[in-house]
Amino acid sequence: MKNLTQVQGYLDILKAEIDDPGKSGPGTSREEWKRLTIELSDRLTDLDNFLKSKDWESLT
């Protein structure tokens, strides 16, 4: 669970980088990067909710 929280923090940094007009990406549009980042963030939230529903933390 700690690692999942850490990855979500990295995604927040990535979102800030994508929104920075002074940064340029590797040829893919900002909109595409933003869309994919949002999708990944949504899936991580789904995973977090699933793990919490199964009381995963009590198994570690």
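In the predicted model, E32 is partly exposed, with a relative accessibility of 28%. This residue forms a salt bridge with R35, in which the closest N and O atoms are 2.7 Å apart. The partner, R35, is likewise assigned to the partly exposed class, at 38% relative accessibility. Both residues belong to helix α2, and because they are three residues apart there, about one helical turn separates them. The pair is also part of a wider arrangement, since E32, R35 and E39 are linked in a network of salt bridges. Side chains of opposite charge can pair when their charged atoms come close.

A further pair in helix α2 has the sequence spacing of three residues, so that R43 and D46 are separated by about one helical turn. The closest N and O atoms of the R43–D46 salt bridge lie 3.8 Å apart, which satisfies the 4 Å limit applied to such pairs. With a relative accessibility of 51%, R43 counts as exposed, because the exposed class begins over 50%. D46, by contrast, is partly exposed, its relative accessible area being 43%.

The salt bridge between K34 and D19 has its closest N and O atoms at a separation of 2.8 Å. This pair links distant parts of the chain: K34 lies in helix α2 (residues 30-53), whereas D19 lies in helix α1 (residues 2-19), and the two are 15 residues apart. K34 is partly exposed, at 36% relative accessibility. D19 is also partly exposed, with a relative accessible area of 46%. In total, six salt bridges were counted in the model, including those of K34 with D19, E32 with R35 and R43 with D46.

Attention was then turned to a residue of helix α1, namely L11. The relative accessibility of L11 is 6%, and this residue is therefore classed as buried, the class being defined by values under 20%. When neighbours within four places in sequence are left aside, the residues in contact with L11 are T37, L40, S41 and L44. The position of L11 was also compared with that of K52, which is 41 residues away along the chain; the C-alpha atoms of these two residues are separated by 20 Å.

Definitions and conventions: Residues are numbered from 1 along each chain as its sequence is written. This is a predicted model: local features need pLDDT of at least 70, side-chain atom pairs count only at pLDDT 80 or more; totals for chains, interfaces and linings use all residues. Side-chain values use heavy atoms; hydrogens and water are left out. A salt bridge is a side-chain nitrogen of Lys or Arg within 4 Å of a carboxyl oxygen of Asp or Glu. Helices (H or I, at least four residues) and strands (E, at least two) are DSSP runs, numbered from the N terminus. Buried means under 20% relative accessible area, exposed over 50%, partly exposed in between (1.4 Å probe, protein chains only). Contact means heavy atoms within 4.5 Å.
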